[in-house]
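Here is a walk through one protein chain, from a group of rings to the fold as a whole. Keep the model in view while reading.

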Amino acid sequence: EASFIKRYSDSKIKVALPSPYLIAERMWDKELSIKVFPTRRNFTEKLIPVLRQELIELRNEGVEIAQFDDPHLCLFVDPNIRSQYEKPDNEVAYSVDVLNRITEGVDGIKLALHLCRRNKGRSGWIAEGGYSPIIPFLNDLRFDMVMFEFAIPVAGDKNVFLELDERFDIGLGCVDCRGTHIDTPEEIVGRVEQALEFVTPERIMLHPDCGFAPGSAAEIPIDEAYQKIRNEVKAAELLRYKYQS
């Protein structure tokens, strides 16, 4: 896929990879997997070298950004979900640790982590709550950027950026990907300017909250997604003009 994009585009390329913690949460089955992978963590550990090799191949292909997606990590912002685990903070710490082990020593490519509260398309989301419960663990992440959802109405306050280590760039989710409303450029600018109360413009990159058609959970019309992305580009142009130094 990266090779295909490079043939037809001279723009910088970002490719998404799944977090091993996410894969294990979704794919390990106690009944079906246990004979080969005795525990979920055993399965997770086996995924690390596979994903590390994919990361290296992307770097060698000239991809600028590798984004690891871990919606399950973000579910630990929700008190109801945290209560289902004996030691929820241990789970968050482990999910960050396996990412750091995948990427350790791999240079020449920018690293980003995507967080979302699960995307159920028109049906909404799974987890609710601000990011504060997981920020201390994110600060241990040896990545360049963290991608947050903030168009979603249950993301909490943007002052949480003050808790995030300043070495991180911030992917600011400022376009809704679930509902039918087409965010206007002005609405998107307004969301970004709320974040600018706590973060310098140089640290911010705009993006939609999540994907527009996540598997079988949603069927988002392509024209709708296209218009939302067009408006995001227009918002970025307005912001650059207003805040250029």
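Tyr131, Phe148, Phe150 and Phe161 are linked by ring pairs into a cluster. The model that shows them is a predicted one. In total, 10 aromatic pairs are counted. One of them joins phenylalanine 148 to phenylalanine 150. Their ring centres are 6.4 Å apart, and the planes meet at 45°, a tilted arrangement. Phenylalanine 148 and phenylalanine 150 are both buried.

How are the planes of phenylalanine 148 and phenylalanine 161 set? They stand at 70°, with the centres 5.4 Å apart, so this pair is edge-to-face. The cut-off for that class is an angle over 60 degrees. Phenylalanine 148 belongs to strand β4, residues 145-149. Phenylalanine 161 sits in the loop between β4 and β5, the latter spanning 169-175. The pair therefore ties together parts that lie 13 residues apart in sequence. Phenylalanine 161 is buried, as is phenylalanine 148.

Turn next to helix α2, residues 20-27. Is it largely enclosed or open? Of its 8 residues, 6 are buried, so the rest of the structure largely encloses it. Those buried residues are Pro20, Tyr21, Leu22, Ile23, Ala24 and Glu25. Which elements do they pack against? Two are strands: β1 (14-18) and β2 (65-69). The others are helices: α4 (40-61), α5 (71-74) and α7 (88-103).

Helix α5 leads on to proline 71, which is found there. Its relative accessibility is 8%, so proline 71 counts as buried; the limit is under 20%. What does proline 71 touch, leaving out residues up to four places away in sequence? Its partners are Leu22, Arg26, His114, Cys116 and Arg118. Leu22 is also among the buried residues of α2. Glutamate 166 gives a long-range reference point for proline 71. The two are 95 residues apart along the chain, and their C-alpha atoms are separated by 23 Å.

Now look at helix α10, residues 222-243, which holds asparagine 231. Is asparagine 231 buried or exposed? Its relative accessible area is 7%, so asparagine 231 is buried. Apart from neighbours within four places in sequence, asparagine 231 is in contact with Ile182, Asp183, Thr184, Pro185 and Ile188.

Step back to the whole chain. It has 10 helices and 6 strands. Along the principal axes, the C-alpha trace spans about 55 × 45 × 35 Å. Why does the radius of gyration agree with a compact globule? For 245 residues, such a globule would have a value near 18 Å, and the chain has 18 Å, so the two agree. Buried residues account for 49% of the 245.

Sequence separation adds to the picture. Take the contacts between residues at least 6 apart in sequence: 77% of them join residues at least 24 apart.

The surface comes last. About 12800 Å² of the chain is exposed, and carbon and sulfur atoms supply 51% of that area. Among the side chains, 31 are positive and 41 are negative. How far apart do the centres of the two sets lie? The separation is 3 Å.

Terms used: Residues are numbered from 1 along each chain as its sequence is written. This is a predicted model: local features need pLDDT of at least 70, side-chain atom pairs count only at pLDDT 80 or more; totals for chains, interfaces and linings use all residues. Side-chain values use heavy atoms; hydrogens and water are left out. Helices (H or I, at least four residues) and strands (E, at least two) are DSSP runs, numbered from the N terminus. The radius of gyration is taken over C-alpha atoms; the globule rule is 2.2 Å times the number of residues to the power 0.38. Buried means under 20% relative accessible area, exposed over 50%, partly exposed in between (1.4 Å probe, protein chains only). Contact means heavy atoms within 4.5 Å. Accessible areas come from the Shrake-Rupley method with a 1.4 Å probe; for residues, only the protein chains shown count as cover. Lys and Arg count as positive and Asp and Glu as negative; His and the chain ends are not counted. The place of a charge is taken as NZ of Lys, CZ of Arg, CG of Asp or CD of Glu. Rings of Phe, Tyr and Trp (its six-membered ring) pair if their centres lie within 6.5 Å; planes under 30 degrees apart count as stacked, over 60 as edge-to-face and the rest as tilted.
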